[in-house]
Amino acid sequence: MTPTAQPRDHHETTQDPISALEQASGVLSLLAALGLISLAGLLWRRNPIWLAPLGAACTGLAGVLWIFRNPERRAPDGAGLVIAPADGEITSIAQIHEPRFLHAAAHQLTIRTHPGEVQITRAPVSGTVRYRRYQPAGQADQRDDALCMGIRQPNGDRLLVSLTASSFWRMLPSYAGRRITCLPDLEDAVRQGQVIGHLPLGGLVNVYLPGTALVTVTQGQQVRAGETVLAQR
């Protein structure tokens, strides 16, 4: 993905693109170092006391790899389909007026992603990123960090995805890590089903569709990122 030379809106986020696994590279390095030191101590000293840090390092590595797992998904065939950007449960379907990017009547579909579910997010449609804003907790009555990304499709339709971090992050200091990772930048092209970011430890994902779209899911339904069809034009 190569951004065009168009100027960026200074109100948009300046967060650098970063892969989901790169986000955890520091933690992985520390755990790997702890594991190697513990293994060396166990082999050299023959003292079972080294089993404790070795076990902790292995458990931590397994946990990080579980959080950042990225199973293969196959997008369904068909024109005009909108697929789920995240794994989870449809907790709400509402009719609203979307003022930030669609500027029109819209369907708002809310997906709750739990910590045990896949936390990789995917593009629900193909198009170009025309809106991107990171809103830290505490701004505009926002309780948790949120990131919005608007996609303009080749046919002119618009779609907005809003990722809200889990409330778990309120208990952690700001330097504990990025609450939300978003890979595409402004004017980047994305394809349907492409990995676009990561929502560590889950959270809420809101999808805003044009009011003319036909919603094909129901409240309480479980969806899978990159596979479940949310709506069609």
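## The enclosed cavity

On a 1 Å grid over the protein atoms alone, a cavity is a set of points where a 1.4 Å probe fits but cannot get out. Grid points are joined across faces, edges and corners, and a volume is the space filled by probe spheres set on the points. This is a predicted model, in which local features need pLDDT of at least 70 and side-chain atom pairs count only at pLDDT 80 or more, while totals for chains, interfaces and linings use all residues. Residues are numbered from 1 along each chain as its sequence is written, and side-chain values use heavy atoms, with hydrogens and water left out.

Searching the whole structure turns up one cavity of 30 Å³ or more. The volume of the largest cavity is about 50 Å³. Its lining (residues with an atom within 4 Å of a point) consists of T121, L147, M149, V161, L163, T181, C182 and I196. Strands β6, β7 and β8 (181–182) each give at least two residues to this lining; strands here are DSSP runs of E with at least two residues, numbered from the N terminus.

Sorted by class, the lining of the largest cavity holds six nonpolar, two polar and no charged residues. For that count, Ala, Val, Leu, Ile, Met, Phe, Trp, Tyr, Cys and Pro are nonpolar, Asp, Glu, Lys and Arg are charged, and the others, Gly among them, are polar.

## The second largest pocket

A pocket, by contrast, is an open set of points with protein on both sides within 12 Å along at least five of seven lines. The second largest pocket offers about 150 Å³ of space. It is lined by 13 residues, and R112, S166, S167, G203 and L204 are the closest to its centre. Strands β3, β7 (158–165) and β11 (203–210) each contribute at least two lining residues. The lining of this pocket comprises four nonpolar, seven polar and two charged residues.

## How the strands pair

Two strands pair if DSSP finds at least two bridges between them. Strand β5 (residues 127–135) runs antiparallel to β6 (residues 146–152), joined by seven bridges, and R132 has M149 as its bridge partner in β6. M149 also appears in the lining of the largest cavity. β5 is joined to β9 (residues 189–190) as well, again antiparallel, through two bridges; here G127 is partnered by V190.

Elsewhere, three strands form an open sheet in the order β1-β14-β12, with antiparallel pairing. Its edge strands, each pairing on one side only, are β1 (81–83) and β12 (214–215). Two bridges link β12 to β14 (residues 229–232), with L214 opposite Q232.

## Two residues worth a look

Is Q119 buried or exposed? Q119 is buried, because its relative accessible area is 1%, where buried means under 20%, exposed over 50% and partly exposed in between (1.4 Å probe, protein chains only). Q119 sits in the loop between β3 (104–113) and β4 (120–122). A polar atom of its side chain lies 2.4 Å from the backbone oxygen of P115, and the Q119 side chain also reaches the backbone nitrogen of L201 at 2.8 Å. Leaving out residues up to four places away in sequence, Q119 has contacts (heavy atoms within 4.5 Å) with residues including I67, H114, H198 and P200.

A94, in strand β2 (residues 88–98), is partly exposed, with a relative accessible area of 25%. With the same sequence neighbours left out, A94 touches A106, H107 and Q108. A94 and Y208 are 114 residues apart in sequence, and their C-alpha atoms are 9.6 Å apart in space.

How values were computed
Helix = DSSP H or I, 4+ residues; strand = E, 2+ residues; numbered from the N terminus. Polar contact = N/O pair within 3.5 Å; in protein donor to acceptor, adjacent residues only side chain to side chain.
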